[in-house]
Amino acid sequence: MKSPVLGCLCIWLAAIGVSAAAFQPNYDEAKVPEYRLPDPLVLPNGKTIEDAKTWERKGRPAILKLFTEHVYGRAPGRPSGMKFHTWSYDRSALDGKATRKEIIIYLTGKTNGPSIELLMYVPNQARKPVPVFLGLNYYGNQSIHPDPAIKITERWMRQGKDDIVVNNRATEKSRGYQASRWAIEQALERGFAVATFYYGDIEPDHEEGWKTGVRAALSKRGAQTVFGPSDWGALAAWAWGLSRAMDYIEKDRDLDAQRVVVFGHSRHGKAALWAGAVDQRFAIVISNDSGCGGAALSRRRFGETVERINTAFPHWFCDLFKQYNGREDDLPVDQHELIALIAPRPVYVASADKDLWADPKGEFLAAKHAEPVYRLYGLAGLGVEEMPGTNQPVGHYIGYHLRSGTHDITAYDWEQYLRFAARHFGMP
């Protein structure tokens, strides 16, 4: 079966001069090599972790360090002098259902420096403070809803279909372009606020994008920076941006900073998982079709692989990750341990049955192999031994479903996420 995602990737690779023939994925389970996963409960000295206290004191920091040094890279903390400015505020948005806020986060405190344009809808009828779904978007805030009052981003943007982007700038046609991926009204009805920003606010998604993004802005050498092997890549930068949005949420009295769900689809799902692993302020973490470098086990070499993702997107991870191209068994970690880093907080992983590029079985297995860490806290994980059938959600503190369809985030996905969050937040 040919993946539609692979087709799009091959077109993109051809445009940059990379042969599609070099990127023929394995979609045959019989050809998945034998592999042995690292045990998250075994310390470098060989001792086994037997309780949650030891995991938090020794196990979690050791695995977090390995992911930082070998996969995503080191990122700075919160920049000093960061400021928040309310650019627009309307209590009668969406026919009075919500308050729309547009917040500019000046990351260094300078109005001419790097910034995030954060859009949020807060339900008017819900008791404050309300829980929040926070995620990145692909085509600017205006793309998530047809609301004509949303400011159209002026940032650089990769070309899209249907003239939504012209000369690398979003057009009016981009308004509501990906509204189907954002269940704004449904979330508001359930009592959730929704917050989002364009991931290009942090760093444009191309190999040279860092030169005009935060990785250069926060470096003393700017665009002349030479990154070390374990310095942050774009995924870590996007995850860092989610934490800066969290900094704002903590200041907004309408929002409950103790009940924030960080979520993402595809590459944004990778960023959400890393944000949730690094920043324990996020109460729930949700990954939708995140695949290689996200929720899928690297050692399976099914669909997208480490070498293929590093070739197509060399800016996403730290440079050291490239040494594992074709050498996944030498990685000191695998993605089940990334999910385990989120414990004891709830985490949800979702796949699509036609999205073989993202390796649905590998995503399920990663969630399954994170269970031992959750058991240290006396928490139930998936509650099943075998991968569930299509459209049969499972799980307790670790949730999972395999949706029918392709690489996308749909109303079905959102319904599961809203239910999962409501259950863990004690909401109706």
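This briefing walks through the main sheet, a few helices, one pocket and some backbone oddities of the structure above. Keep in mind that the model is predicted. The centrepiece here is an open sheet of 10 strands with mixed pairing. Strand 4 gets a good share of the attention, since 8 of its 8 residues are buried.

**The sheet**

- Reading across the open sheet, the strand order is 1-2-3-7-4-8-9-10-12-11.
- At the edges sit strand 1 (83-92) and strand 11 (394-395), and each of them pairs on one side only.
- As a reminder, strands of a sheet pair through backbone hydrogen bonds, either parallel or antiparallel.

**Strand 4 and its neighbours**

- Strand 4 covers residues 130-137 and pairs with strand 7 (residues 193-198) in the parallel sense, over 6 bridges.
- On that pairing, Leu-134 has Ala-195 of strand 7 as its bridge partner, and Leu-136 stands opposite Phe-197 of strand 7.
- Strand 4 also runs parallel to strand 8, and 5 bridges join the two.
- For Gly-135, the bridge partner in strand 8 is Phe-263.
- Strand 4 is mostly covered, with 8 of its 8 residues buried.
- Helix 7 (residues 267-278) lies across strand 4, along with strand 8 (255-265), strand 9 (284-288) and strand 10 (347-352).
- Relative to strand 8, helix 7 runs at about 140°.

**Ala-275 in helix 7**

- Ala-275 has its place in helix 7.
- With a relative accessible area of 3%, Ala-275 falls under the 20% cut-off, so it counts as buried.
- Leaving out residues up to four places away in sequence, Ala-275 touches Ala-239, Leu-242 and Phe-282.
- Ala-275 and Ala-236 are 39 residues apart along the chain, yet their C-alpha atoms are separated by 7.7 Å.

**Glu-203, a buried acidic residue**

- Look for Glu-203 in the loop between strand 7 and helix 5 (214-217).
- Glu-203 is buried, and its relative accessible area is 0%.
- The side chain of Glu-203 makes a polar contact of 2.9 Å with the side chain of Arg-215.
- Besides Arg-215, the residues that Glu-203 touches include Gly-209, Trp-210, Gly-213, Ala-234, Ala-237 and Trp-238, with residues up to four places away in sequence not counted.

**The second largest pocket**

- The second largest pocket has a volume of about 230 Å³.
- It is lined by 17 residues, and the closest to its centre are Ala-75, Pro-76, Trp-240, Ser-243 and Val-278.
- Helix 2 (52-72), helix 6 (234-249) and helix 7 are the elements that give two or more residues to the lining of this pocket.
- Helix 6 gives the most to that lining, with 5 residues.

**Helix 10, largely enclosed**

- Helix 10 spans residues 360-369, and 8 of its 10 residues are buried, so the rest of the structure largely encloses it.
- The buried residues of helix 10 are Pro-360, Gly-362, Glu-363, Phe-364, Leu-365, Ala-366, Ala-367 and Lys-368.
- The cover over those buried residues includes helix 9 (335-340), strand 10, helix 11 (371-376) and strand 12 (398-403).

**Backbone oddities**

- Some background first: most residues other than glycine have a negative phi, and most peptide bonds are trans.
- Lys-128 and Pro-129 are joined by a cis peptide bond, with omega at about 0°.
- Pro-129 is in the loop between strand 3 (115-123) and strand 4.
- Ala-343 and Pro-344 are also joined by a cis peptide bond, and here omega is about 5°.
- You'll find Pro-344 in the loop between helix 9 and strand 10.
- Asp-95 is not a glycine but has a positive phi, near 60°.
- Asp-95 lies in helix 3 (residues 93-96) and is exposed, at a relative accessible area of 81%.
- Asn-391 has a positive phi too, near 60°.
- Asn-391 lies in the loop between helix 11 and strand 11, where it counts as partly exposed at 33% relative accessibility.

Technical notes. Residues numbered from 1 in each chain as written. Predicted model: local features only at pLDDT ≥ 70, side-chain atom pairs only at ≥ 80, totals over all residues. Heavy atoms only, no water. Pairing = 2+ DSSP bridges. Helix = DSSP H or I, 4+ residues; strand = E, 2+ residues; numbered from the N terminus. Contact = heavy atoms within 4.5 Å. Axes fitted to C-alpha atoms, helices over the stretch in contact; angles between N-to-C directions. Buried < 20%, exposed > 50% of the residue type's maximum accessible area, 1.4 Å probe, protein only. Polar contact = N/O pair within 3.5 Å; in protein donor to acceptor, adjacent residues only side chain to side chain. 1 Å grid on protein atoms, 1.4 Å probe; cavity = no way out; pocket = protein on both sides within 12 Å on 5 of 7 lines; lining within 4 Å. Points joined across faces, edges and corners; volume = space filled by probe spheres on them.
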